[in-house]
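Visitor: I should like to go through this model by question and answer. Would you take each point in turn and reason from the structure itself?

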Amino acid sequence: MVKIVQLKLSKIKYSGDSIGRNIRVEIEVLGKFLRIDKRIKAGTTAEINREVGRFETDQRLFQADVLITVIERDILFNDVGNTKGNIEVNTAATKPQQFVFEIQVRESRSLLSRLFWGKRTAIFEVTLEAQIGEIERCTPDTEDGWLVAQTGQGKWVSLPAYITVYPKSIKNGREYFIPSEGTNRGKLLSIPLKDDNSSYLISNVEHESMINAKYSISEKVFMLNGKKYKAIDYLEAPWEKGIYDIGIPDYPHGSNDTYAEAIRQKVWFPINFENARYLHVGARSAGCMTIIETTRWMEIYNALIKARKGDFKNVGTLKVID
Amino acid sequence: MSISKKIFILATAMMAIAILGGLFYWFKLRNNEIVNSNTVILNQPIVKWQEITITESEQNIAMYIRAPRIIISNNYRVDNEVNQVITRHIESLKDDFISAVSTAAEDNGDTNILNVEIGVLLATPRLISISFTTTEHLAGLNDNEPEWTFVIFDLVKEELMLENIELFRDDIAWSKAVKMMKNYLLADYQGDPSCDLFFAPKYKGIAASCIGIDRSRRGEHLSITGDISISMIQEFLAPSVLSDIIQ
């Protein structure tokens with residue numbers, strides 16, 4: 001099974017002689033590069049916890065060369081030391097695995113200062129930490145915004161775009177995966193591989209931070225990222241002032257042919273006010289927040305569909321104001 | 001010039017003006033520049049049926065569609081519009097099905113079958129109400145309940161009726177009727193449904209469906225259909241629609 005090795009720069013221990021506080025650490029592993037600038041005092045340890053990279057592997061032992069460079073930055077003379085090493089990560093282990101590299105940095109000041117201070121050497125212990133995880137992929141953004149997948153119970157369900165999934169296996173030309181968010185979270189689902197045996201699932205999707213939208217009841221305007229969109233609601237089912245979650249789309253709504261100009265019109269975003277109302281494109285409202293600028297729906301869709309609140313359910317919040 | 005000659009010329013000029021004026025009005029009407037719904041009287045639509053079978057051997061797909069062709073003898077433009085709306089809805093159903101076959105169906109030699117049974121629920125000189133009953137069989141999967149969707153065409157306005165609001169007296173009547181119909185359809189349903197209401201007028205009632213998911217059954221597909229009696233919603237309907245439905 002394909003797994004993911006997440007490699008982090010865990011901490012930097014600074015011992016030996018003091019050569020200065022402005023420390024830069026550069027780490028290169030299999031083409032991934034991390035540079036950290038940090039003020040560290042000699043005799044202390046700085047916690048960093050920054051990701052160097054993620055690496056996919058189907059091997060039980062993941063091996064990689066590591067090049068670490070430590071620089072103490074001075075205006076005139078940088079002090080530099082580096083080391084080359086290797087990590088071997090057991091991908092069957094569930095606990096984090098640590099790898100410690102020692103880098104000596106010898107001070108290289110002017111001849112005059114050498115006469116006064118001598119030649120000093122600092123020792124840096126750089127700790128890398130590998131954590132084994134499941135590989136992540138995302139659902140693609142299809143023509144109508146929904147990917148239809150098969151459940152283990154012989155039914156079919158629809159997934160919106162950019163849902164994070166964990167691929168589990170490939171069997172008989174089908175790829176099995178478990179969504180980690182949204183309505184179908186935790187279900188084992190499957191879709192076939194494409195004709196060229198590649199996956200429908202996509203990689204390298206960067207979810208964006210949660211959106212903070214607003215809706216003005218009096219102006220009937222939905223506000224997002226500094227833009228305003230004309231909307232309607234329904235007087236008999238008024239919105240109440242407050243802050244509500246905007247959810248990941250749950251299932252396809254309506255049909256594709258109602259508004260010729262509105263693409264992705266079957267994708268509605270649930271809002272957790274009074275048993276889930278929705279934000280969607282349309283012409284009328286029976287309580288939903290309906291965007292009537294149908295040609296601009298894609299602006300809202302694009303902003304919301306990749307945003308995540310971090311709770312596996314929502315894309316952000318909606319503040320309803322007067 | 002004699003008086004009788006003057007009168008003759010004047011009368012001729014007036015007749016010419018009247019004829020030109022009439023012709024001008026007629027041309028304007030033809031170009032749809034004068035919109036007066038009271039003057040547009042369309043003939044009763046005639047419905048002809050066509051059986052369409054589409055097969056696609058590569059994906060083992062067979063689609064069977066029984067579709068109406070609406071003929072409005074005195075307005076070719078309107079009947080063309082109506083038929084285009086029907087075609088668009090069929091295309092949308094086909095696209096949804098092909099998309100589901102591509103990613104959900106098993107490649108086990110079994111045929112993926114789409115059946116679209118189209119019914120004309122109401123056809124008057126004012127309204128055409130059409131239902132689409134979609135039954136899908138995806139290879140290797142259990143069949144979902146059939147789905148019932150609708151298209152309503154306003155022949156007077158010559159456009160697809162969006163959200164069906166024009167069926168009702170006003171926005172409030174529409175909203176109340178929508179809630180009432182949804183509650184009625186879901187009254188006996190056990191579970192936690194989340195679904196969208198679709199509906200269209202038929203003779204002496206409303207045909208309705210609610211399509212969505214059941215949250216209590218891990219998001220399983222939900223499709224409930226039913227008829228709403230005229231007595232339940234007649235107070236909300238627009239008078240012209242009511243007269244069409246009960247005729």
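Visitor: How many residues does the hairpin that joins β5(A) to β6(A) run through?

Guide: In this predicted model, strand β5 of chain A covers residues 61-72 and pairs with β6(A) in the antiparallel sense over 12 bridges. One of the residues with a bridge partner there is A:D65, whose partner in β6(A) is A:N86. The hairpin that joins the two strands passes through six residues.

Visitor: Along strand β6 of chain A, which residues point to the face that is buried?

Guide: In a regular strand, side chains alternate between the two faces of the sheet. Strand β6(A), residues 79-90, shows this alternation, with A:V80, A:N82, A:K84, A:N86, A:E88 and A:N90 on the face that is not buried. The residues that point to the other face and are buried are A:D79, A:G81, A:T83, A:G85, A:I87 and A:V89.

Visitor: Is B:T134 buried or exposed?

Guide: B:T134 belongs to strand β4 of chain B, residues 127-137. Beyond four places away in sequence, this residue touches B:L93, B:L114, B:N115, B:P146 and B:E147. Its relative accessibility is 7%, and the cut-off for burial is under 20%, so B:T134 counts as buried.

Visitor: How far apart in space are B:T134 and B:P146, C-alpha to C-alpha?

Guide: B:P146 is among the residues that B:T134 touches. The two are 12 residues apart in sequence, and their C-alpha to C-alpha distance is 5.5 Å.

Visitor: What share of contacts in chain B between residues at least 6 apart in sequence joins residues at least 24 apart?

Guide: Chain B contains five helices and nine strands, in the order α-β-β-α-β-β-β-β-α-β-β-β-α-α along the sequence. Of its 247 residues, 43% are buried. Among contacts between residues at least 6 apart in sequence, the share joining residues at least 24 apart is 56%.

Visitor: Which three residues supply the most of the area that chain B buries against chain A?

Guide: In the interface, 37 residues of chain B are in contact with 41 residues of chain A. The two chains bury about 3,200 Å² between them, 51% of it on carbon and sulfur atoms. Of the area that chain B buries, 18% comes from three residues, more than from any other three: B:T103, B:E163 and B:R218.

Visitor: Which element gives the most residues to the side of chain B that touches chain A?

Guide: Two salt bridges are counted between the chains, including that of B:D96 with A:K266, whose closest N and O atoms are 3.0 Å apart. Elements that each supply at least two residues to this side of chain B are α2 (76-103), α3 (171-186), β7 (193-202) and β8 (205-214). The element that gives the most, with eight residues, is α2(B).

Conventions: Residues are numbered from 1 along each chain as its sequence is written. Chains are lettered from A and ligands numbered from 1 in the order in which they are written. This is a predicted model: local features need pLDDT of at least 70, side-chain atom pairs count only at pLDDT 80 or more; totals for chains, interfaces and linings use all residues. Side-chain values use heavy atoms; hydrogens and water are left out. Helices (H or I, at least four residues) and strands (E, at least two) are DSSP runs, numbered from the N terminus. Buried means under 20% relative accessible area, exposed over 50%, partly exposed in between (1.4 Å probe, protein chains only). Contact means heavy atoms within 4.5 Å. Two strands pair if DSSP finds at least two bridges between them. Buried area is the accessible area (1.4 Å probe) that two parts lose on being put together, summed over both. A salt bridge is a side-chain nitrogen of Lys or Arg within 4 Å of a carboxyl oxygen of Asp or Glu.
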